[in-house]
Amino acid sequence: MEEIQSQSDNYRSSSSSASSPASRVPSSNFFYLRKPGSIRQPISFEDSPEWEDTDTDLRIEEGGDSIIAATSPSLSKINSGSLPSPRVPEGVVIPRKIGGASVAWKDLTITIKGKRKYSDKVIKSSTGYALPGTMTVIMGPAKSGKSTLLRAIAGRLHPSARMYGEVFVNGAKSQMPYGSYGYVERETTLISSLTVREFLYYSALLQLPGFLCQKKSVVEDAIHAMSLDDHANKLIGGHCYMKGLPSGERRLVSIARELVMRPRILFIDEPLYHLDCVAALLMMVTLKRLASTGCTLIVTIYQSSTEVFGLFDRICLLSNGNTLFFGETLACLQHFSNAGFPCPIMQSPSDHFLRAINTDFDRIIAMCKNWQDDNGDFSSVNMDTAVAIRTLEATYKSSADAAAVETMILKLTEKEGPALKSKGKANDATRIAVLTWRSLLVVSREWKYYWLHLILYMLLTLCIGTVFSGLGHSLSSVATRVAAIFVFVSFCSLLSIARVPALIKEIKIYTCEEANEHSSTPVFLLAQLLSSIPFLFLIAISLSLVFYFLVGLQDQFSLLMYFVLNFFVTLLVNEGIMLVVAALRQDVLGSLLTLLCIHVVMMLSAGYFRMQNALPGPVWMYPMSYIAFHTYSIQGLLENEYLENSFAVGQVRSISGFQALQNVYNISADYNSKWRNLLVLFLMAMGYRIIVLLLLFLFSSRKMWLLKRLKCNRDTTDTS
């Protein structure tokens, strides 16, 4: 370390005697340059900025739950030619202050079995803290453990992970209750057919107890805090001819959803994900303004521009799970300079950090070195990233920055502050009503998934009805009428799988809301059932009327109502099957292929292509013909049509409708059999939804059980 320090000092002294910034020409070389064989030498650059020491004033208020920290040092004093760091826009005042909370983590180690080939440790002995009114950034290259560390601090680790170490909130080792913190995933699912204000209002109804007027004010505060005033009445994802929000504003909406709870701590995973430089700067300025209200912000970032870098208060720099630095942004630049990796004046600090610690660059260097050796140029390119990482880690462990972090952790944990309290939840009845009404509103606007689907249904029914029209009621028309009913039920059920993308989207929205405790499995399924009933009944009655009169079935109102009811329950059963497959797969293509195979197998075993009692016993008769809902639907419709009919055979004898169908389809001679078939269909509709409930509940309970087990193991480790 002394050798590295002396080399870095000599390097900075030689750089300070160089010509003025105007006369210096930056090099076009992309790679760090080293002489062959001198791996321990510092990286050579054309410019080496000189840093001024900056003291940070931190104090803990006695008897309070907040920590007052001086603003982070700016980058405005990086030599004479550098640009000042951007300031947060003034003149916009947040009407309501947020009481933050201090967060500290000590010796945090996270292991995930099979996550990496060389080690199960994703995070290795990380220590740091976050203070109210500040923005702490976890930065590092891809697969460095940023998201895992963020989840560990928030208490949202994957069930397969194990955590060792301690996390303190206001000086106490306690779980953060509901409503005291918000967590924004890297990719969140929003409802595209709602406006920003509608989406946030429904989110507030799901999350908060109390009166509606109070929730409206909370929504307006969240819209104002995220600078969404100009987009409040715009649709999130676009609708028909209306354009949706850009990706930056959509990301702000996902953050605003968590702000309706007014959390004291906000965790955001990759807020700049898929954003351009302008949207990224707007995002970070908005978050900086949010932090100025008192909220504690902890975010992960892969890379940032110089302007965005100047907005950070503290940086936790990770590489392969190792903490290479934690502290103020300006101190991080000084740390790299002390370790022998000074940042060039014309390069972004974020780019410089990632360039020095990202092992993926070794492959690029190897490729370029081979090309350079063949051409005899730039043979001095030789960079060992592993050595740079070890050097930076060793320098940090022996630096004053690491000692300052340990001192601050002791101050934060020596006395417990006020415990965070839950703000209460909306009751289940309110959530069911909100989700049902929201789904009905979405159905009325989503023409691509619902109204276009209804149009396709009508076209298919018209085709079937016209093909089988004019059959009459003679004995010779029985087989053709059976074929018409079979085609109607089977093809309409098969067409309904086009709604799979909409169902998968609903499940993804539920998953996101359930992870943040905004909803629960029974609430979601009951609301989904209630909201789907009007749409399915509209389909059932419209298609049944068209088919019934085109084909010319019996002209009796009671028989028509049974036909509508039977087809409606059939659609409910079919949607239950789609929910089961969507819950298991959550993949559009895979779900469509699976449902297609299921429908084909059920159609083959429904008793039309070959009568049920003639099917092979294993598999096809037992259990397939009894599992297929087509069997009960078609039997009920045929019994409804023919059991009260009789057909004349010659001038003397007549046969019943049951006898006429014996050679075509298996039905029962009992008049009440059609109601038993309807009951079986209803039980199947409820049974499939119970299976979905068990699946989702099993996934959720398994996650909670493993989290509790993880907490017990961690407490045992802390005690030992």
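Is Arg262 buried, partly exposed or exposed, and what is its relative accessibility? In this predicted model, Arg262 has a relative accessibility of 25% and therefore counts as partly exposed, since that class lies between the buried limit of under 20% and the exposed limit of over 50%. Arg262 is placed in the loop that runs between helix H5 (247-259) and strand E8 (265-269). Its backbone has a positive phi of about 50°, although Arg262 is not a glycine. A second loop residue, His274, also departs from glycine in its identity while having a positive phi, here near 60°. His274 is located between E8 and helix H6 (277-291). With a relative accessibility of 63%, His274 counts as exposed, because the value is over 50%.

The interior was examined for enclosed space. A search of the whole structure returned 7 cavities with a volume of 30 Å³ or more. For the largest cavity, the volume is about 300 Å³. The lining of this cavity comprises 21 residues, of which Ile191, Arg438, Ser439, Glu506 and Ile509 are the closest to the centre. At least two lining residues come from each of four helices, namely H13 (428-445), H14 (447-467), H16 (500-515) and H17 (521-551). The greatest contribution is that of H16, which supplies 6 residues. Classified by residue type, the lining of the largest cavity consists of 11 nonpolar, 5 polar and 5 charged residues.

Ser439, one of the residues closest to the centre of the largest cavity, belongs to helix H13. Its relative accessible area is 18%, so Ser439 is classed as buried, the limit being under 20%. The C-alpha atom of Ser439 is separated by 8.1 Å from that of Ala527, although the two residues are 88 positions apart along the chain.

Helix H19 (residues 588-604) was compared with the expected helical rise. Its 17 residues should span 24 Å at 1.5 Å a residue, and the C-alpha atoms at its ends are 24 Å apart, so the two values agree. At the start of H19, a side-chain oxygen of Asp587 comes to within 2.7 Å of the backbone nitrogen of Gly590. Gly590 is itself buried, as are Ser591, Leu595, His599, Met602 and Met603 in H19. In general, an α-helix has 3.6 residues a turn, so residues three or four places apart point the same way.

Further along the chain, a cis peptide bond links Tyr622 to Pro623, with omega about 10°. Pro623 lies in strand E13, which covers residues 622-623.

Strands E14 (residues 646-649) and E15 (residues 653-656) run antiparallel and are joined by 4 bridges. Within this pairing, Ser646 has Ser656 of E15 as its bridge partner, and Ala648 is matched with Ser654 of E15. The two strands form a hairpin with 3 residues between them. Gly650, in the turn of this hairpin, has a positive phi of about 75°.

Technical notes. Residues are numbered from 1 along each chain as its sequence is written. This is a predicted model: local features need pLDDT of at least 70, side-chain atom pairs count only at pLDDT 80 or more; totals for chains, interfaces and linings use all residues. Side-chain values use heavy atoms; hydrogens and water are left out. On a 1 Å grid over the protein atoms alone, a cavity is a set of points where a 1.4 Å probe fits but cannot get out, and a pocket is an open set with protein on both sides within 12 Å along at least five of seven lines; lining residues have an atom within 4 Å of a point. Grid points are joined across faces, edges and corners, and a volume is the space filled by probe spheres set on the points. Ala, Val, Leu, Ile, Met, Phe, Trp, Tyr, Cys and Pro count as nonpolar, Asp, Glu, Lys and Arg as charged, and the others, Gly among them, as polar. Two strands pair if DSSP finds at least two bridges between them. The expected span of a helix is 1.5 Å times one less than its number of residues. Buried means under 20% relative accessible area, exposed over 50%, partly exposed in between (1.4 Å probe, protein chains only). A polar contact is a pair of N or O atoms within 3.5 Å; within protein, one must be able to donate a hydrogen and the other to accept it, and residues adjacent in sequence count only if both atoms are side-chain atoms.
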